[in-house]
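Let's take a look at the aromatic rings in this protein and at the company they keep. Have the 3D view open and click along as you read.

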Amino acid sequence: MRLPWRVVTSPSAPARRASSVPAGKLDFVPACSTADVHSRELLQDFVTRARRLFVISGAGLSTESGIPDYRSEGVGLYARTDRRPMQHAEFVRSAKSRQRYWARNFVGWPQFSSHQPNNAHRALQRWEDRGKLHWLVTQNVDALHSKAGQKKLTELHGCAHRVMCLGCGAITAREDLQRRFLSLNPEWTAQAGAVAPDGDVFLEDEQVLNFRVPSCEQCGGILKPEVTFFGDTVNKATVQLVHDRLAETDAVLVVGSSLQVYSGYRFLLAASDRKMPVAILNIGPTRADHLAQLKVIGRCGDVLSAIRLL
């Protein structure tokens, strides 16, 4: 199943279809021409030939559900603001940083937790049901694959819908923590700014001074989202599980990820070592473009939902 390398986009696409992404969800999706017929045919052929497909998804999949990402040109967090995501070491060592993080997360949670899967999530779930998709690894922490019904799934960087205690390791639901925040801060209010990719909002430092953060109910330890912050590493057992699943597959498809973070990129290196065919569907350039036999530039929902399983 070796395909010749090619990058396919649609310059001034002769026949442009309307996007399947609702207009209100396009704020965080980079400008992009509709993938042309030829590119869709090549990706259709790639998926048809694969018998046990391994998929890696990234933030570009969830932008079509209205969740911003970090790196997209013009619309990502880095393009819109000089703000940077929480670092693991800062969260662990600084009570003030935790207070600021949780206050912002508390305000942003109702909106973040309400996001729903889009056409791309639903397409990948159908592929699993039909036996095409052997395993899906997502770098996203938004639980949208789970909401879509995906079962053969590894959340590589964890999930923002879960909270862990750094002391005893207890895992609890983020929704339960929201109720505790409300109980501890009945009079606290804040005017929210722009939304960030990790589920929080922009608040000024003085707005969070009186926000109270609960401790673990079991041991009194520090509570942290069950996600891998920047500067932290993915659990070794999780990495090994993904490598094991990769070894069982015969083709790799990257969907909506620039693969700039090594935790996801490493699996493309492993696939290359195994001489596995690789296809990438993403609007912008990726770190693994040189490892792919096929690169399609287009919106994930539009392209994936058009693929037929034979």
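Which residue lies over the face of Trp 135? Turn to that ring and you'll find Arg 245, at 5.7 Å from the ring centre. Keep in mind that this is a predicted model. Another ring has a similar kind of partner: the charged end of Arg 174 sits over Trp 109, 4.6 Å from the centre of its ring.

**Rings meeting rings**

How do you describe two rings side by side? A pair of aromatic rings is described by the distance of the centres and the angle of the planes. Here the count comes to 11 aromatic pairs. Two of them share Phe 181, and here they are with their values:

| Pair | Centre to centre | Angle between planes | Type |
|---|---|---|---|
| Trp 102 and Phe 181 | 5.6 Å | 50° | tilted |
| Phe 106 and Phe 181 | 5.7 Å | 70° | edge-to-face |

Both pairs link distant parts of the chain. Trp 102 is in helix α5 (residues 95-114) and Phe 181 is in helix α8 (residues 174-184), 79 residues apart. Phe 106 also belongs to helix α5, and 75 residues separate Phe 106 from Phe 181.

Are these rings buried or exposed? Buried means under 20% relative accessible area. Phe 181 has 0%, so this ring is buried. Trp 102 counts as buried because its relative accessibility is 1%, and Phe 106, at 10%, counts as buried too.

Now zoom out a bit. Ring pairs link Trp 102, Phe 106 and Phe 181 into a cluster together with Phe 91, Tyr 101, Trp 188, Phe 211 and Phe 229.

**The nonpolar cores**

In soluble globular proteins, nonpolar side chains tend to be buried together. The largest nonpolar core in this model has 26 residues. Which of them touch the most other members? Those are Leu 43, Phe 46, Trp 127, Leu 253 and Leu 304. Among the elements that give two or more residues to this core are α1 (37-49), β3 (133-138) and β8 (251-255). Helix α6 gives the most, with 4 residues.

Pick out Trp 127 and see what surrounds this residue. Leaving aside neighbours within four places in sequence, Trp 127 is in contact with Val 47, Leu 53, Lys 132, Leu 133, Leu 253, Leu 304, Ile 307 and Leu 309.

There is also a second, separate core of 25 residues. Some familiar rings turn up there: this core includes Trp 109, Phe 181, Phe 211 and Phe 229.

Methods
Residues are numbered from 1 along each chain as its sequence is written. This is a predicted model: local features need pLDDT of at least 70, side-chain atom pairs count only at pLDDT 80 or more; totals for chains, interfaces and linings use all residues. Side-chain values use heavy atoms; hydrogens and water are left out. Rings of Phe, Tyr and Trp (its six-membered ring) pair if their centres lie within 6.5 Å; planes under 30 degrees apart count as stacked, over 60 as edge-to-face and the rest as tilted. Buried means under 20% relative accessible area, exposed over 50%, partly exposed in between (1.4 Å probe, protein chains only). A charge sits over a ring if NZ of Lys or CZ of Arg is within 6 Å of the ring centre and within 35 degrees of the ring normal. A nonpolar core is a set of buried Ala, Val, Leu, Ile, Met, Phe, Trp, Tyr and Cys residues joined through side-chain atoms within 4.5 Å. Contact means heavy atoms within 4.5 Å.
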